[in-house]
Amino acid sequence: MNARAAIAAALCAALLFGASTPFAKLLAGRVPPIMLAGLLYLGSGLGLSVVRLIRDRGLKPPGLPARQWPWLLGAIACGGILAPILLIVGLARIDASSAALLLNLEAVFTALLAWVVFRENAGRRVLLGMVLIVAGGVTLTGLPGAARQGLAGAMAIVAACLCWGLDNNLTRKVSGADALFVAAIKGLVAGVTNLLLALRLGDRLPEAGVIGAAMAVGLMGYGISLALYVLALRGLGSARTAAYFSTAPFLGAAIAIALFESGVPMLLWLSAALMGAGVWLHLTEHHEHEHQHDSLTHAHPHVHDAHHRHSHAFPWQGDEPHAHEHEHEPVTHRHAHFPDLHHRHDH
């Protein structure tokens, strides 16, 4: 996936997740938090599994190497089980505008973990762009109707953002795998786990209409959004993907205002300007230097470009992109690049 396509995937993921927040807020008053988290993720997992079955014309192995399963399981535990429960708990205790503000912390936690723990490179332009995007989210606190959040609700959403930040960095480790599989398995495991936990705690399933609505919101805002996010991670790395995705709170607030309020406050325009400037800084980033690729063996969808000049041990009809395990020989060269699957080197 080229950089422009990865950026588009990140922004579409933000739009879908941002749009899901006000609808999840509506459902949070009618469904217990853990039950709602289960239904949202179950809708995501089941919906994407159906899409995958149709695409592959049946069941196909995911092709995920054994060494990558711990990363995926860790991502599922953090982002698929803990984070949604904490988010729904928070949404049930504070207003949607305050929740939209706090959700900006996901990008901050993702970037900090990427830079400090996972050693991903980011220059001044990327850092300034993220600051502007987060500043755009901060302005949402002044929107009409924004209430002061309770400490318990606020801390729940902060904890959810931390879990998602860790989830995003762990998912980057498996971003070369089939994005539909990664998103579907996270949805299924998280959905079933949360649903069983809710039933164990005494919650009851809501009426069929509410179940359908929750699962539909989950498919769009958690399922398709996550699949697009995985594709973006593949081409951009964790910090840059998080920066684009952090426009989600603004989009969620804008959609909430359009649906449930009249008029567009000036602060929303200010938020849009700040976020737009931040996104522009990222879009115009140019990172180029001489770098070395070490020997690497992995599998992911690819075309035969400068980084994929290999032969095939099987009959190949020339179709591209295609996926199979392949080996990269060591090479040193210079060109513009992002911290994608093939450029995770030190600086």
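The following exchange asks how several descriptions of this predicted model are justified.

Me: Why is Arg52 called buried or exposed?
Reply: The relative accessibility of Arg52 is 13%. Buried means under 20%, so Arg52 counts as buried.

Me: What makes the contact of Arg52 and Asp56 a salt bridge?
Reply: A side-chain nitrogen of Arg must lie within 4 Å of a carboxyl oxygen of Asp. For Arg52 and Asp56 the N to O distance is 3.9 Å, and therefore the pair qualifies as a salt bridge. Both residues lie in helix α2, four residues apart, about one turn of the helix.

Me: How do you know whether Asp56 is buried or exposed?
Reply: Asp56 has a relative accessible area of 14%. The limit for buried is under 20%, so Asp56 is buried.

Me: What makes Arg55 a salt-bridge partner of Asp56, and why is Arg55 called partly exposed?
Reply: The closest N and O atoms of Arg55 and Asp56 are 2.8 Å apart, and the cut-off is within 4 Å. Arg55 has a relative accessible area of 42%. Partly exposed covers values between the buried limit of under 20% and the exposed limit of over 50%, so Arg55 is partly exposed.

Me: Which parts does the pair of Asp178 and Arg52 tie together?
Reply: The side chains of Asp178 and Arg52 meet in a salt bridge at 3.2 Å, N to O. Asp178 lies in the loop between α7 and α8 and Arg52 in helix α2, so the pair ties together parts that are 126 residues apart in sequence. Arg52, Arg55, Asp56 and Asp178 are linked in a network of salt bridges. The structure holds six salt bridges.

Me: Why can such side chains pair?
Reply: Side chains of opposite charge can pair when their charged atoms come close.

Me: How is the crossing of α2 and α8 described?
Reply: The axes of helix α2 (residues 33-56) and α8 come within 7 Å and cross at roughly 145°. The crossing is left-handed. By class, the contact of α2 with α8 has 20 nonpolar, seven polar and three charged residues.

Me: Why is Leu196 called buried or exposed?
Reply: Leu196, in helix α8, has 54% relative accessibility. Exposed means over 50%, so Leu196 counts as exposed. Together with Val192, Leu199 and Leu205, Leu196 makes a nonpolar surface patch of about 360 Å².

Me: What makes Met220 partly exposed?
Reply: Met220, found in helix α9, has 39% relative accessibility. This value lies between the limits of 20% and 50%, so Met220 counts as partly exposed.

Conventions:
Residues are numbered from 1 along each chain as its sequence is written. This is a predicted model: local features need pLDDT of at least 70, side-chain atom pairs count only at pLDDT 80 or more; totals for chains, interfaces and linings use all residues. Side-chain values use heavy atoms; hydrogens and water are left out. Patches are made of residues with over 30% relative accessible area and no salt bridge: like charges are joined within 9 Å, nonpolar side chains (Val, Leu, Ile, Met, Phe, Trp, Tyr) within 5 Å. Accessible areas come from the Shrake-Rupley method with a 1.4 Å probe; for residues, only the protein chains shown count as cover. Helices (H or I, at least four residues) and strands (E, at least two) are DSSP runs, numbered from the N terminus. Buried means under 20% relative accessible area, exposed over 50%, partly exposed in between (1.4 Å probe, protein chains only). Axes are lines fitted to C-alpha atoms, for helices over the stretch in contact, and angles run from 0 to 180 degrees between N-to-C directions. A crossing is left-handed if the near helix is turned anticlockwise from the far one by less than a right angle, and right-handed if clockwise. Ala, Val, Leu, Ile, Met, Phe, Trp, Tyr, Cys and Pro count as nonpolar, Asp, Glu, Lys and Arg as charged, and the others, Gly among them, as polar.
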